[in-house]
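Hi everyone, thanks for coming. I'd like to walk you through one structure today, starting from the overall picture and ending with a few backbone details.

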Amino acid sequence: MIKLMDIAADTFASEVLDSATPVVVEFYTQTCKFCKRFEPVVESLADKYEGKVRFRRIDAAQNREIAVQYDIFGVPTTLIFRNGEVVERISGFVPEEELARKIDGVLE
Amino acid sequence: MPGAYDLVIIGGGPAGLTAGLYAARARLNVVMFDPTGGGGWLVKTTTIENYPGFPDGIQGPDLAELLIRHAVKFGLRIVEEPVTALLARHNPKRVVTPSGEHEARAVIISTGSRPMMLGVPGEQELQGRGVSYCATCDAALFEGQDVAVVGGGDAALDEGIEITRHARTVHVIHRRDTFRAERVLQESAFANKKMKFIFDTVVDSINGEKTVGSLSLRNVLTGDASELKVSGVFIFIGTRPNTDFVKDAVKVDERGYIVTNQFHETSVKGVWAAGDVQDKIYRQAITGAGQGAAAAILVEKYLHEHPSI
């Protein structure tokens, strides 16, 4: 299974905003064990959408400016970016099928 | 009964995991369904100071991992799927999940409870944007900021104290003039310089455009309205049982709790319930664990006495 690559404030633009393919960004915190539980769900989708969608994760507490910019005051929160814009926002732990549906919607 | 599990456990908090441990050690063919992989409420809590055997306290998620490891070590299988329905009228019972129907000679329901919402304007819209039900997840996002905690029980004070590690000020808003929380928690909270207390007060709305900016408060004695500027609000006003999927299968009371007798039996023979899903009184990790153990012991006895089921 693909492990989610961590990004930070300094790589956010190149990894997310400038990406030619849609990007799923998982916001988490170190203390959020619930986020850890959610990771396999996202990683499984990272496998399935390999080549079509980029998957990254970012520590929202360590990268406050990015978190605040996107109004992230709760984790896990998943944002889907297309052409540098947020097109989907998913709050909390959701089943794999539900997240997959959102990604499919963005790919259409 | 070929193909049927001896026991299906629905939900993997302290009650379900302890039931799983006992059932696995009894060499029952047992499986647990839990969409998050087990741990239940513990995964979202901070320090647990009243679970016996941990004199220095233990983090909820760490206790969850230990309970999971313990049960899995003895053979409990945890399947990360939600249960959508329970067909309990006939034997074997049928437990429905997205991957199919699973036959069970006996069932323990231990799906616990979920946080109650305030039900005020702004709460739904601002979830993940400053409205939180999980301090351990989100407290770090409020570094140096002013936040509120709503509630007066153990969770409100325990989590409130935890949040002071990050926030500048934690305003505890409670609708009564005294807390229900354990005395030792009250003492810690009152001694904490970062905590402020607003009694006899309710939240009328949570305000903010994109994120939480303030709360509209009302004093229930005087009727006076006021506004409190905060960038986050953590809500711990109690819980509701997770019983929507079994309402038609077993008897639940007017608040949705599964009705059980002293042996944790539900209204349907062969179906037990343990932990917060049927407990309106104790609601502790340790009582959940105890109830799970009791239910599993009784399930084993039942299966032994009814080999044809």
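Let me begin with a yardstick: the radius of gyration here is taken over C-alpha atoms, and the globule rule is 2.2 Å times the number of residues to the power 0.38. Please keep in mind as we go that this is a predicted model. For the 309 residues of chain B, that rule gives a radius of gyration near 19 Å for a compact globule, and chain B has 21 Å, which agrees. If you prefer a box, the C-alpha atoms of chain B fill one of roughly 65 × 40 × 35 Å along the principal axes.

Now the contents of that box. Chain B has six helices and 19 strands. Buried residues account for 50% of its 309 residues. As for how the chain connects to itself, take the contacts between residues at least 6 apart in sequence: 64% of these join residues at least 24 apart.

The domain assignment splits chain B into domain 1 (5–114 + 239–305) and domain 2 (117–235). Their centres, taken over C-alpha atoms, are separated by 31 Å. How many residues of each domain are in contact with the other? On the domain 1 side there are four, and they meet seven residues of domain 2. By class, that domain 1 side has no nonpolar residues, three polar ones and one charged one.

Next, the core. The largest nonpolar core has 122 residues, and those with the most contacts inside it are B:L7, B:V8, B:V107, B:I108, B:V150 and B:V233. Both domains feed this core, with at least three residues drawn from each of domain 1 and domain 2 of chain B. Let's zoom in on B:V8: leaving out residues up to four places away in sequence, B:V8 touches B:V31, B:F33, B:V95, B:H102, B:A104 and B:V107.

On to a helix I like, α1 of chain B, residues 14–25. At 1.5 Å a residue, its 12 residues should span 16 Å, and the end C-alpha atoms are 16 Å apart, so the two values agree. If you check that by hand, remember that the expected span uses one less than the number of residues. Is this helix enclosed or open? Of its 12 residues, 11 are buried, so α1(B) is largely enclosed by the rest of the structure. The buried set runs B:P14, B:A15, B:G16, B:L17, B:T18, B:A19, B:G20, B:L21, B:Y22, B:A23 and B:A24. What covers them includes, from chain B, the strands β1 (5–10), β2 (30–33) and β8 (100–109), along with the helices α2 (60–73) and α6 (285–305).

Let's bring in chain A. Between the chains, 20 residues of chain A are in contact with 20 residues of chain B. Helix α2 (residues 33–48) of chain A gives the most to the chain A side, with four residues. That side divides into 11 nonpolar, six polar and three charged residues.

One residue to look at here is B:V43, in the loop between β2 and β3 (47–48) of chain B. It counts as buried, because it has 27 C-beta neighbours inside 10 Å and the cut-off for buried is 20 or more. Which residues does B:V43 touch, not counting those up to four places away in sequence? From chain A they are A:K33, A:F34 and A:R37, and from chain B they are B:G60, B:P61 and B:A64. B:V43 and B:C134 are 91 residues apart along the chain, yet their C-alpha atoms are separated by 9.4 Å.

Last, the backbone. Most residues other than glycine have a negative phi, and most peptide bonds are trans. Just after α1(B), B:R27 takes a positive phi of about 60 degrees. B:R27 sits in the loop between α1 and β2 of chain B, and with 11 C-beta neighbours inside 10 Å it counts as exposed. B:H264 also has a positive phi, near 65 degrees. B:H264 lies in the loop between β18 (239–241) and β19 (271–273) of chain B, and it is buried, with 27 other C-beta atoms within 10 Å.

And the peptide bonds: the one from A:V75 to A:P76 is cis, with omega near 0 degrees. A:P76 is in the loop between α3 (64–69) and β4 (77–82) of chain A. The bond from B:N91 to B:P92 is cis too, with omega near -10 degrees; B:P92 falls in the loop between β6 (85–87) and β7 (93–97) of chain B.

Thanks for listening!

How values were computed
Residues numbered from 1 in each chain as written. Chains lettered and ligands numbered in written order. Predicted model: local features only at pLDDT ≥ 70, side-chain atom pairs only at ≥ 80, totals over all residues. Contact = placed C-beta atoms within 7 Å. Helix = DSSP H or I, 4+ residues; strand = E, 2+ residues; numbered from the N terminus. Nonpolar A, V, L, I, M, F, W, Y, C, P; charged D, E, K, R; others polar. Core = buried A, V, L, I, M, F, W, Y, C linked by C-beta atoms within 7 Å. Domains from an automatic or database assignment.
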